[in-house]
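Me: Hi! Could you walk me through this one with me?

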Amino acid sequence: MRLGVLFSGGKDSTHALHLAAQKEEVACLITVISKNKESFMFHTPNIDVTAFQAQALGLPLVSVQTEGKKEEELADLERAIAEAKSKHQIEGVVTGAVESVYQASRVQRICSKLDLWQFNPLWKTDQKALLQTLLQQQFHVIISGVFAYPLDEKWLGKKIDSQMIAQLVELQGKYGISPSGEGGEIETTVLDAPMFKQRIEVTDSAVEWKGDSGVYVIKQARLVPK
Amino acid sequence: MILVVDMNWKKDSLAYTEFVSPILRVIEPLEACRVRHFLELEPSELDRYSHVILSGTTLKDFSFLNHLERFQWLKSFGKPVLGICAGMQTIIQVYGEPLTACPQVGMTEITTLKENALFSGTFQAYALHTYSAKPNNQAFDAIAESSHCIQAIKHKTKPIYGVLFHPEVRNQDILQRFLRL
């Protein structure tokens, strides 16, 4: 089955891509670039890096822009999926949804309308186990946004390692933070993964901090051999 | 030993972690269980299991309906069975009831129609289905509904249940109660 993966460049969509490619044929990545930094549907920090990631993966990227207004962005997502269907003959769409019924059901409705299969291979997976799997499989994932107390600027740009997973699990106990950022507490960017033919090296970056949240902005990057 | 039947279109499919694994995460800490794909399950092995759960499938997957002969054992099986979504549709079809079109995706309010061992009152649940059923023969009672359609059924004399919604998503307590039957 030819599939398009709804791809934000973060750990969950990259992980879902990895699982989908083990079972079916991934024909393209689909990215929605939202101008709204508080989008309900779409991951926003470093979304432009998806072009680099697609190149590193050797997969075509279908990318559309959205203003990011709450339900209008769904029309833009539908446009992106329809474009992927016509350009790359996909028969189904894969997402990295783990817990969000909000996201999963909206993507499902679009796929039903477009007569496409829909898969969520990470659905209901234990969040700590998800992070550990990424480490075991040598995903290089950095924190590209933090949006919840007590996460601060020190976390930004850091690679997820076993020590960080332990800290996140501890914060879950104390503050109710979801270790994998399922509640939007953390956003991530993947710089390398098993399917990447090249890895991404960040050559210029900046931390932008406002109030009690911030993002790690990748200003320049390049692809380097693995 | 609990049997979980993988109802997806093929064994070890991309849908396994979405429709089978979440059920296992709820029941494995409570009871030993085994998964069999519906195409490999033989009626002769059913004696080994105390309870059977039939999983759901993705919205476009109706392959199970082309293999109803694989589920004829449901007519004579006396132990507890829970069919989830595709599983409920299979139970209904094996017992000769028609399916009715009723597409629904997302959270929905479920209202209990008849007292039963799995749930009570009104509650929210995750729906992901194209078809429902209106039991009209003597075998089943409708035991819950949403504003759209019948959401759960129970055999009148056997511990055979069907739920159209997905209890493994937001109502795991229903799976736990099923294991106590």
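Me: What covers the buried residues of α4(A)?
Reply: The cover comes from both chains: it includes β1 (2–6), α3 (72–88), β4 (92–94) and β5 of chain A, together with β5 (99–112) and β6 (122–133) of chain B. Helices (H or I, at least four residues) and strands (E, at least two) are DSSP runs, numbered from the N terminus. This is a predicted model, where local features need pLDDT of at least 70 and side-chain atom pairs count only at pLDDT 80 or more, while totals for chains, interfaces and linings use all residues. Residues are numbered from 1 along each chain as its sequence is written, and chains are lettered from A and ligands numbered from 1 in the order in which they are written.

Me: Ok, and which residues in α4(A) are buried?
Reply: They are A:Ala104, A:Arg106, A:Val107, A:Gln108 and A:Cys111. Buried means that 20 or more other C-beta atoms, placed from the backbone, lie within 10 Å of the residue's own (exposed is 12 or fewer, partly exposed in between).

Me: What's just after α4(A)?
Reply: A:Asp115, with a positive phi of about 55°.

Me: Switching to the interface: how many residues does each chain put into the contact?
Reply: Chain A gives 15 residues and chain B gives 17 residues. Two residues are in contact if their C-beta atoms, placed from the backbone, lie within 7 Å.

Me: Which elements of chain A give two or more residues there?
Reply: α1 (11–23), α4 (101–113) and β5 (117–119). The largest share of that side, five residues, is from α4(A).

Me: And by class?
Reply: The side of chain A that touches chain B has six nonpolar, five polar and four charged residues. Here Ala, Val, Leu, Ile, Met, Phe, Trp, Tyr, Cys and Pro count as nonpolar, Asp, Glu, Lys and Arg as charged, and the others, Gly among them, as polar.

Me: Nice. What about domains in chain A?
Reply: The assignment, which is automatic or from a database, gives domain 1 (2–119) and domain 2 (127–225). Their centres, taken over C-alpha atoms, are separated by 20 Å.

Me: How many residues does each domain of chain A bring to their contact?
Reply: Domain 1 brings 20 residues and domain 2 brings 27 residues. On the domain 1 side, α1(A) gives the most, with six residues.

Me: Last one: how much of chain A is buried?
Reply: Of its 226 residues, 46% count as buried. Chain A has six helices and nine strands, and its C-alpha atoms fill a box of roughly 45 × 40 × 30 Å along the principal axes.
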